[in-house]
Amino acid sequence: MIPQIPQEPELDLARLGQILRRNIRTLLLFAASLGLLTFLVSWLQAPTYQASSRLLAAQSSAFSGSSLLGTVPSQNLIDAEAYREAALSSLVLGRTLQTAGLKSDPGDLERFARSARVRTIEGQNSNVIILSIRNADPQKAAELANIWASSLMRWDDERVRGSFGSYRESLEAQLAVVRNQISQATNRSSENLSGLLTLQATLQRDIDLVRALERSASGQLTLIDQAIAPARPTSPRPTLYAAVAFVVGLVLALGLLLLREASVRTVRNADEAFGLTSLPILGEFPEIPASAGRALSPEIAGYLDINVTHMIAGGGPRIIAVTSPAALEGKSSVAISLARACAKAGKRTLIIDLNSRRPVLHQEFRISQGGDIVSTLVNLPGIQPQPHLVENNLYVIPCLQPIENPPRLLSELFRPFIESLKESGQYDVVILDTPPVLTVTDTLIIAPYVSGVLMVVREGQTDKRQLRSALEILKRVGAQTLGLVMNRVREGQTLPKPDKVYEGSSKSTGIFRPATEKKQ
């Protein structure tokens with residue numbers, strides 16, 4: 001059973017830096033374009049001016065010092081939020097428009113309310129009310145702000161005087177009752193009559209005092225700053241808007257970039273493959289036409305041979321398993337190309353088809369009969385392998401018949417087979433074309449007994465999580481992964497760049513990319 005695929009690692013700072021360096025021009029271009037567009041749009045808009053008047057809300061000193069006023073509601077400081085609601089009420093806004101000589105229909109009130117702003121600053125014993133009006137005409141904005149402040153102050157004065165009037169009417173009603181009682185007190189004792197006369201005098205005095213206060217009373221609002229016509233428009237502000245749009249565009253572009261990075265599941269290039277695995281890129285085969293079959297670039301295969309030779313130390317034959325995370329990623333083509341490159345370099349090379357479920361070597365080299373891997377494994381140690389010589393220095397052991405239970409056969413016979421190849425010393429290089437790691441368990445049985453494993457990665461198709469999972473599984477079984485081989489790389493992306501002077505008719509080349517090297 002294949003272990004569960006591990007989760008892809010979180011985006012670290014190093015990888016984020018790589019992404020930013022790779023896309024910094026696109027990010028800046030997007031942000032600059034958005035900033036320029038915002039600047040042009042705001043520049044074409046009509047300017048709007050804002051004028052503000054300021055009012056101070058504090059308890060009036062006229063209410064202090066009188067024992068009458070304990071029940072007068074206007075003596076306490078009104079909450080700033082109440083003034084805010086009053087300033088935006090239809091009564092105050094309507095009076096403002098009427099005083100300014102403008103229409104005060106419901107539609108006009110709604111439009112005026114949208115251009116009006118109220119801001120409050122609350123203190124311990126006082127509040128500041130800031131009334132702001134926006135208008136295309138700076139003079140009109142200042143005029144309306146001042147009229148609005150006057151209308152709010154008028155409302156506040158009427159509120160206070162109304163409270164005095166209500167209190168005066170209450171006292172007058174009490175005085176009328178007392179006078180009625182006095183007029184009916186002919187048969188009462190002198191003490192009751194004296195009390196009523198005293199109460200009548202007290203009420204009359206209080207009424208006179210309340211009337212005096214009512215005539216001179218004012219609200220809690222005082223104008224402290226009259227609105228003046230602004231010299232500069234409040235909006236639009238093209239430079240500020242463009243700067244904000246640039247920053248927002250940069251953040252938005254970065255977010256979209258990271259979202260795209262997170263949504264892409266396949267390996268897109270060699271740099272990304274190295275960043276995911278930290279394994280060296282030993283070769284990069286370019287994309288080839290479908291008509292070319294399995295013939296990959298011989299120059300890149302030669303580089304791959306050199307790189308593998310230097311990665312495997314010690315004597316004896318170098319036994320190399322070529323695999324991939326999943327099917328259809330080109331591992332058989334890479335194995336065949338590497339075998340031909342080794343044979344061309346003068347090394348006695350043996351390539352074995354261990355992909356018994358989908359064998360391809362017999363088709364590539366046109367072998368239809370004779371010994372194959374099944375007969376070779378079953379007849380050991382009595383009969384030595386009889387490989388097919390297909391090219392100079394190149395021998396093949398194909399798979400010509402199906403295997404009923406490949407894992408069982410490999411578990412029992414593969415290790416003795418490999419040991420016999422090593423002891424014979426007939427070959428310099430043995431290349432094993434194995435099944436994908438995540439498809440069947442055959443490769444996991446083979447990998448611990450070879451000199452090294454080459455992992456083939458197809459650009460734009462190999463899944464990132466599958467690649468990491470395949471490498472993790474090989475590590476668990478004790479296999480040594482030499483590096484990655486990129487396949488189907490886009491034209492012009494391989495290193496070094498093609499040079500027809502040295503390559504003849506070939507269109508591409510490849511080179512070992514060590515773990516410390518980055519693509520320029």
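Helices and strands are here runs of residues assigned by DSSP, numbered from the N terminus. The model described is a predicted one.

**The largest pocket.** The largest pocket has a volume of about 530 Å³. Its lining is made up of 24 residues, and R294, L328, E329, G330 and R358 lie nearest the centre of the pocket. Two or more lining residues come from each of α10 (331–344) and β12 (481–489). Of the elements, α10 gives the most to this lining, with three residues.

**The largest cavity.** The structure holds two cavities of 30 Å³ or more, and the largest cavity contains about 50 Å³ of space. Among the residues that line the largest cavity are D353, S356, C399 and P406. The elements giving two or more residues to this lining are α12 (373–379) and α13 (406–424), with the largest share, three residues, coming from α13.

The composition by residue class is set out below for both linings and for a helix contact.

| Site | Nonpolar | Polar | Charged |
|---|---|---|---|
| Lining of the largest pocket | 10 residues | seven residues | seven residues |
| Lining of the largest cavity | eight residues | one residue | one residue |
| Contact of α3 with α4 | five residues | three residues | one residue |

**Packing of α3 and α4.** Helix α3 (residues 90–99) packs against helix α4 (residues 106–115) at an angle of about 95°, and their axes are 10 Å apart. Because angles of 65 to 115 degrees count as roughly perpendicular, α3 is roughly perpendicular to α4. On the α3 side the contact involves S90, L93, G94, T96 and L97, which meet D108, L109, F112 and A113 in α4.

Terms used
Residues are numbered from 1 along each chain as its sequence is written. This is a predicted model: local features need pLDDT of at least 70, side-chain atom pairs count only at pLDDT 80 or more; totals for chains, interfaces and linings use all residues. Side-chain values use heavy atoms; hydrogens and water are left out. On a 1 Å grid over the protein atoms alone, a cavity is a set of points where a 1.4 Å probe fits but cannot get out, and a pocket is an open set with protein on both sides within 12 Å along at least five of seven lines; lining residues have an atom within 4 Å of a point. Grid points are joined across faces, edges and corners, and a volume is the space filled by probe spheres set on the points. Helices (H or I, at least four residues) and strands (E, at least two) are DSSP runs, numbered from the N terminus. Ala, Val, Leu, Ile, Met, Phe, Trp, Tyr, Cys and Pro count as nonpolar, Asp, Glu, Lys and Arg as charged, and the others, Gly among them, as polar. Axes are lines fitted to C-alpha atoms, for helices over the stretch in contact, and angles run from 0 to 180 degrees between N-to-C directions. Angles under 35 degrees count as roughly parallel, over 145 as roughly antiparallel, 65 to 115 as roughly perpendicular and the rest as oblique. Contact means heavy atoms within 4.5 Å.
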